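Colleague: I am new to this structure and would be glad of a close look at one part of it, the strands that pair with one another and what lies around them. Please take me through it slowly, in one connected account.

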Amino acid sequence: MKHLILSCSLSPTSRSALLARRLESALAADGNTVKLIDLREVALPFCEANECYADPNVQMVTAAIAEAATVSIATPIYNYGVGGATRNLIALTGKAWTEKVVGFLCAAGGQGSYMAVMAIANSLMLDFRSLIVPRFVYASGACFSEDRITDATIEQRIDGLASDLRRIGSAITQVVQ
Ligand SMILES: Cc1cc2nc3c(=O)[nH]c(=O)nc-3n(C[C@H](O)[C@H](O)[C@H](O)COP(=O)(O)O)c2cc1C
């Protein structure tokens with residue numbers, strides 16, 4: 001089974017990228033194929049619903065989503081929602097999300113934005129019948145120190161998300177085959 005992780009922060013000191021990397025290790029532990037795409041390394045154009053779809057990086061990311069059984073979004077929280085780069089990525093890749101099992105990992109400043117992924121989760125469900133894993137990882141600034149995750153509960157939640165991605169992803173894959 002193929003797992004894809006999209007690390008959507010453009011910050012050079014991104015904390016959601018630390019969550020993404022920790023999920024990558026958890027998923028790889030049992031030998032599954034895991035691909036991590038970091039948007040700091042893959043420049044995407046703004047979606048203008050026209051020529052953007054021909055961009056080679058857009059096509060690469062779209063194909064990676066389409067090929068994966070599960071797709072996890074590691075995102076910064078900006079203005080009580082997911083960051084603009086995350087929204088732009090979803091706008092660029094559209095139908096590739098059809099019936100994907102989707103997980104979320106969020107880095108936020110404080111606790112107040114804990115429902116921030118709901119707008120984008122609803123849009124994935126309504127537009128593409130994505131199956132949202134109801135085990136969000138939400139880490140505030142207090143869960144990190146410098147370039148490390150320091151909160152053991154967050155590490156446990158990432159392991160829990162990895163377990164659910166494997167379980168739900170493999171069940172869906174078997175039904176589809
Ligand atoms: C423009 C901007 C808006 C932000 N808005 C929120 C917010 O609404 N709620 C929150 O909890 N944190 C907010 N933050 C804090 C970020 O979520 C936090 O710095 C997080 O670590 C960003 O993720 P990253 O480190 O992966 O880039 C904001 C930060 C910036 C720069």
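Modeller: Leu6 stands opposite Ile37 in strand 2, and this pair belongs to the parallel pairing in which 6 bridges join strand 1, residues 2-7, to strand 2, residues 33-38. Between these two strands the chain passes through helix 1, and the β-α-β crossover made in this way is right-handed. Please keep in mind throughout that the model is a predicted one.

From there we can turn to strand 5, which spans residues 101-107 and has several partners to consider one after another. Strand 3, which covers residues 70-78, is joined to strand 5 by 7 bridges, and the two run parallel; within this pairing, Ile73 has Phe104 of strand 5 as its bridge partner. Strand 5 also pairs with strand 7, residues 137-139, again in the parallel sense and over 3 bridges, and here Ala107 is the residue that stands opposite Ala139 of strand 7. A further parallel pairing, over 2 bridges, links strand 5 with strand 6, where Val101 stands opposite Leu131. Strand 5 and strand 6, taken together with helix 4, make up a right-handed β-α-β unit.

How much of strand 5 is buried? The strand is mostly covered, since 7 of its 7 residues are buried. The cover is found on both faces: Val101, Gly103, Leu105 and Ala107 are buried on one side, while Val102, Phe104 and Cys106 are buried on the other.

The surroundings of these strands include a nonpolar core, the largest in the model, with 49 residues, and among the residues with the most contacts inside this core are Leu19, Leu23, Ala74, Cys106 and Val137. Helix 1 contributes the largest share of the core, with 7 residues. Leu19 is a useful place to pause, for once its neighbours within four places in sequence are left aside, Leu19 is in contact with Ala74, Leu105, Ala107, Val137, Ala139 and Ile158. Two of the names in that list, Ala107 and Ala139, have already appeared as residues standing opposite each other in the pairing of strand 5 with strand 7.

Helix 1 and strand 3 also bring us to the ligand, because each of them, helix 1 with residues 16-28 and strand 3 with residues 70-78, supplies at least two residues of the shell around the ligand. Strand 3 gives the most to this shell, with 3 residues. The ligand is surrounded by 17 residues, of which the closest are Ser9, Ser16, Pro76, Ala108 and Gly109. By character, the residues of the shell divide into 7 nonpolar, 9 polar and 1 charged.

It remains to look at some residues in the loops, beginning with the one that leads into strand 5. Gly94 lies in the loop between helix 3, residues 84-93, and strand 5, and Gly94 counts as partly exposed because 15 C-beta neighbours lie inside 10 Å, a number between the 12 or fewer of an exposed residue and the 20 or more of a buried one. Although 32 residues separate Gly94 from Thr62 in sequence, the two are 8.2 Å apart in space, C-alpha to C-alpha.

Phe46 lies in the loop between strand 2 and helix 2, residues 56-67, and is exposed because there are 10 other C-beta atoms within 10 Å. Leaving aside neighbours within four places in sequence, Phe46 is in contact with Cys52 and Asn88, and the C-alpha atoms of Phe46 and Leu89, which are 43 residues apart along the chain, are separated by 8.5 Å.

Two further loop residues deserve attention for their backbone angles. Most residues other than glycine have a negative phi. Arg129, however, has a phi near 55 degrees, a positive value in a residue other than glycine, and lies in the loop between helix 4, residues 118-128, and strand 6, residues 131-132. With 11 C-beta neighbours inside 10 Å, Arg129 counts as exposed. Glu146 is not a glycine either, and has a positive phi of about 50 degrees; the loop that holds Glu146 runs between strand 8, residues 144-145, and strand 9, residues 148-149. Glu146 counts as exposed too, because 6 C-beta neighbours lie inside 10 Å.

Terms used. Residues are numbered from 1 along each chain as its sequence is written. This is a predicted model: local features need pLDDT of at least 70, side-chain atom pairs count only at pLDDT 80 or more; totals for chains, interfaces and linings use all residues. A residue is near a molecule or strand if its C-beta atom, placed from the backbone, lies within 6 Å of it. Helices (H or I, at least four residues) and strands (E, at least two) are DSSP runs, numbered from the N terminus. Ala, Val, Leu, Ile, Met, Phe, Trp, Tyr, Cys and Pro count as nonpolar, Asp, Glu, Lys and Arg as charged, and the others, Gly among them, as polar. A nonpolar core is a set of buried Ala, Val, Leu, Ile, Met, Phe, Trp, Tyr and Cys residues joined through C-beta atoms within 7 Å. Two residues are in contact if their C-beta atoms, placed from the backbone, lie within 7 Å. Two strands pair if DSSP finds at least two bridges between them. A crossover is right-handed if, with the strands pointing away from the viewer, the path from the first strand over the helix to the second runs clockwise.
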